[in-house]
Amino acid sequence: MMSKTNKGRFFEDYRLGDKLQHAVPRTVGAGERALYHALYPARHALYSSDSFAQSCGLSASPLDDLIAFHIVFGKTVPDVSLNAVANLGYAQGRWLSPVWPGDTLRAESEVIGLKQNSNGKTGVVWVRTTGLNQHDTPVLDYVRWVMVRKGDVDAPAPETTVPDLPAALTVDQLQIPQGLDFTNYDFTLAGEMHRWDDYEVGEKIDHVDGVTVEEAEHMMATRLWQNTAKVHFDTSARPDGTRLIYGGHVISMARALSFNGLANAQMIAGLNGGAHANPCLAGDTIRAWSEVLDKAETAAPGVGAIRLRLVATKGGAPFELRDDAGKYRPEVLLDLDYWALMPR
Amino acid sequence: MMSKTNKGRFFEDYRLGDKLQHAVPRTVGAGERALYHALYPARHALYSSDSFAQSCGLSASPLDDLIAFHIVFGKTVPDVSLNAVANLGYAQGRWLSPVWPGDTLRAESEVIGLKQNSNGKTGVVWVRTTGLNQHDTPVLDYVRWVMVRKGDVDAPAPETTVPDLPAALTVDQLQIPQGLDFTNYDFTLAGEMHRWDDYEVGEKIDHVDGVTVEEAEHMMATRLWQNTAKVHFDTSARPDGTRLIYGGHVISMARALSFNGLANAQMIAGLNGGAHANPCLAGDTIRAWSEVLDKAETAAPGVGAIRLRLVATKGGAPFELRDDAGKYRPEVLLDLDYWALMPR
Amino acid sequence: MMSKTNKGRFFEDYRLGDKLQHAVPRTVGAGERALYHALYPARHALYSSDSFAQSCGLSASPLDDLIAFHIVFGKTVPDVSLNAVANLGYAQGRWLSPVWPGDTLRAESEVIGLKQNSNGKTGVVWVRTTGLNQHDTPVLDYVRWVMVRKGDVDAPAPETTVPDLPAALTVDQLQIPQGLDFTNYDFTLAGEMHRWDDYEVGEKIDHVDGVTVEEAEHMMATRLWQNTAKVHFDTSARPDGTRLIYGGHVISMARALSFNGLANAQMIAGLNGGAHANPCLAGDTIRAWSEVLDKAETAAPGVGAIRLRLVATKGGAPFELRDDAGKYRPEVLLDLDYWALMPR
């Protein structure tokens, strides 16, 4: 009689080219949307109002792009990061099709890189994950790499393969949702008058507002994405009895806070990279600031692309990122690099 | 390059007759309804059951009247009360049309009164706010006045205009939802046998039950209404590190608690006035009592109107409202005056 | 003028054969489903995905079987357990028809047993409760017995009637949902490869994961089921100021945790019995283990029935249930006996 519970994969269990079908497809809808608004101060109009989304050429308001990300990410946890020591990075993330209420999402991953660490106890696994809807249409794909423990330290090291990952997507790699048209965009209803042309590369924006986070909130969010990593839920999982907040909770909080100054950065189209610089715990007050990294025109009517650094902090002054040695300052929680779509 | 974040309006930024189009329309539905039931002990049958609502002549169960109020109110915060010192009062609130799942709400306000305070540092702004659905049908309107800081104390005082606001709506000013018919009302399913005729003007009801409130709950509720006032979310926003609970959270809690004794006061039709007497903080246990202020017949079949005082407290004995000097007692949180519709 | 609030029934208010129509019907849907996923780490695929449910012969994903149970149970509280001293047991619970989004549930009960206790101050009331949908189709029935205070200790004792309740349902008493067919069951998407044939009677499974519970979560859950028992919400209701967590919250948490090892025990078909062995409070970390008590074939294609003991704990080692004297160990929260449906 074999053990019935999932112990997760260890580093030696991954092979280059492995295809992982992640479990538990999920139908999403009006409930997940409302909970997203209850858990984060999300106000981007295109994700709040069917009428507004329709005035932008869409059939209805899609679910928040980060709902798609969190659900797809959550599905990968039992197969990719149950024995992970650290979530090292993201790259080449693309939102490929909006997620509509009633859609059913599932996820699959391919192992695209492996590198045993010199300590012989851990290794780095790179996976490219794709989220698909009930029509088998991809809605999202991204590369993620994690440090995973070896179960058997004597298992032989695999041949090292490190995938070639450009620092950022180019604008022609972004997928603009079909029908998106910002030529009749209502800036008053959206909440700010600043259009794509008003932002300059290098400009930094302090989003001002802060939210002090609670245990009940981050656990509800993380469960909603069916993310089962023990450290988020179980006070006995870490030596100090704290529950580590899911990094995606910080992403969503910071993105929602960025409304104040970037209300018109409506849709997330690409994820160039991201680092969870320091742990976030209940009681921390999350603030955010952004920096404009790049701008590009797109072929869609009235739609510009803007590349943003989004930084979340738990204290300190805005616009401070690294110390003199080049390390993230201790109050920095998140350093995210993404492309958004904005009316020109 | 102008600052991109919204600093809110100061007293001198308002002009009599200003029309404010509030941002971020919001589509509401099954998710907001479920969250309302999770956040408040709400049990009024007409808002719980499609079948029950249909037996009362409606096409389905509308969203709770206070969901409409909170969403419309939340939309006004960035334009009306971001720099408010105090929320002074409400008057002349009318529910004009039920809100159905799938409706998209937006809000607009008109400045109808201005009065600079004698200290020269603040002033009172009166606005009449209207919530509208996707068909531009008004669903709610009400008057609210707030004390707002001056940004520039040297800005000249406006001509004083104080709107004439009657103490209460008359019953003929109430809008009865189209089709509402209580002649086949099922008192057993509604949870209490007391009909309109059983209540007497002057009667007081102790609603008995209490709820101890938590930080996660009031923040989720307040975010759900896209209300962004910093004091509700950020422990660094107030000198003592506490988060002030949104007054509307207390209104909804007290209204839900009033089910026990007023289960048949199904629909809120009018808001005559209201005062947030003292602050509410997490850890407080909210209780409620009501007083029948007035009764009136309506033209709708089987439908009576009842005017109620709803008082929320955080301790003390029921039915105690003011001290000998006429001030609200320190344990009183809310003193609300509203019209409800009840089967006769 | 009679008192308007519900004081609940006392022991002497029940008569054998009484039929109780419980108040406040409730329409359930996408919002309740999403909240269930936010409050519990629920991952059974049939309740997560319309596509998966359709591949099992159902028209869509039904609401979790425990949502049906909690809502029906919650409706009975004002009539059955407002003055209860203890919830003594469950028996003969059967899920009779899936609950679909949009269904409206109501509940009725019949008093089937009465026995005054020898102390003369309390008595035991047995009720058979039935949950029905908007078509008056039963969705669930079960027997529950509670110890209830007497309001008047001098009221005469009723004739003692103790219903004959078998220890477990037989498999032919279980209702298999119409159309259910597990012959094309996708074990990969479900999350585990273990089928009915892989489980042996007597086998025990440690579900490994733990969740530390918070006040805001259990109150939101309990309110969502419109359960109004004061001890769950009001810190002044119990002498020590703690809020007792609704036993059903522990049931749902343990059932969700049992996914890890019993991912394919998809549907709950019968509730043979259950005891809430010790109180659960916020801060407790809930874990779960299961024991296979019985197995039986069913007439439905590919569908096996498995009888499981589900034990929830707040500490201690797995598989420890009772002390030497036969009493539940102090760390045991729940001992539940149920039938589930599983692919063969």
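This report walks through how chain A sits against chains B and C in a predicted model.

**How the copies are related**

Let's start with the symmetry. Chain A lands on chain B after a rotation of 120 degrees with 0.0 Å of shift along the axis, and the RMSD is 0.0 Å. The two copies are thus related as by a three-fold rotation axis. If you want to find that axis from chain A, look for A:Gly31: its C-alpha is the one nearest the axis in that chain, at 2.3 Å. The copies don't use matching patches, though: 9% of the contact residues of chain A recur in chain B, and the surfaces are different.

**The two interfaces of chain A**

Here are the basic values for each pairing.

| Pair | Residues in contact | Buried area | Salt bridges | Polar contacts |
|---|---|---|---|---|
| Chain A and chain B | 45 residues of A, 33 residues of B | about 3,100 Å² | five salt bridges | 21 residue pairs |
| Chain A and chain C | 33 residues of A, 45 residues of C | about 3,100 Å² | five salt bridges | 21 residue pairs |

Carbon and sulfur atoms account for 59% of the area buried between chain A and chain B, and for 59% of the area buried between chain A and chain C.

**The side facing chain B**

Which three residues of chain A lose the most area to chain B? They are A:Ala38, A:Arg43 and A:Leu189, together 18% of what that side buries. One of the salt bridges here pairs A:Arg287 with B:Asp234, with the closest N and O atoms 2.7 Å apart. Several elements of chain A supply at least two residues each to this side, among them α2 (50-55), α4 (187-190), α7 (259-262) and β10 (285-297). The top contributor is α1(A), with seven residues. Sorted by class, this side of chain A has 20 nonpolar, 14 polar and eleven charged residues.

**The side facing chain C**

Now turn to the other face. In chain A, the residues that lose the most area to chain C are A:Lys4, A:Met220 and A:Arg223, together 23% of what that side buries. A salt bridge joins the side chains of A:Arg243 and C:Glu214, at 2.7 Å from N to O. The elements of chain A that give two or more residues to this side are β2 (26-27), α1 and α5. Which element gives the most to the side that touches chain C? That would be α5(A), with six residues. By class, this side of chain A divides into twelve nonpolar, 13 polar and eight charged residues.

Definitions and conventions:
Residues are numbered from 1 along each chain as its sequence is written. Chains are lettered from A and ligands numbered from 1 in the order in which they are written. This is a predicted model: local features need pLDDT of at least 70, side-chain atom pairs count only at pLDDT 80 or more; totals for chains, interfaces and linings use all residues. Side-chain values use heavy atoms; hydrogens and water are left out. Copies are superposed by least squares on the C-alpha atoms of residues with pLDDT of at least 70 in both. Contact means heavy atoms within 4.5 Å. Buried area is the accessible area (1.4 Å probe) that two parts lose on being put together, summed over both. A salt bridge is a side-chain nitrogen of Lys or Arg within 4 Å of a carboxyl oxygen of Asp or Glu. A polar contact is a pair of N or O atoms within 3.5 Å; within protein, one must be able to donate a hydrogen and the other to accept it, and residues adjacent in sequence count only if both atoms are side-chain atoms. Helices (H or I, at least four residues) and strands (E, at least two) are DSSP runs, numbered from the N terminus. Ala, Val, Leu, Ile, Met, Phe, Trp, Tyr, Cys and Pro count as nonpolar, Asp, Glu, Lys and Arg as charged, and the others, Gly among them, as polar.
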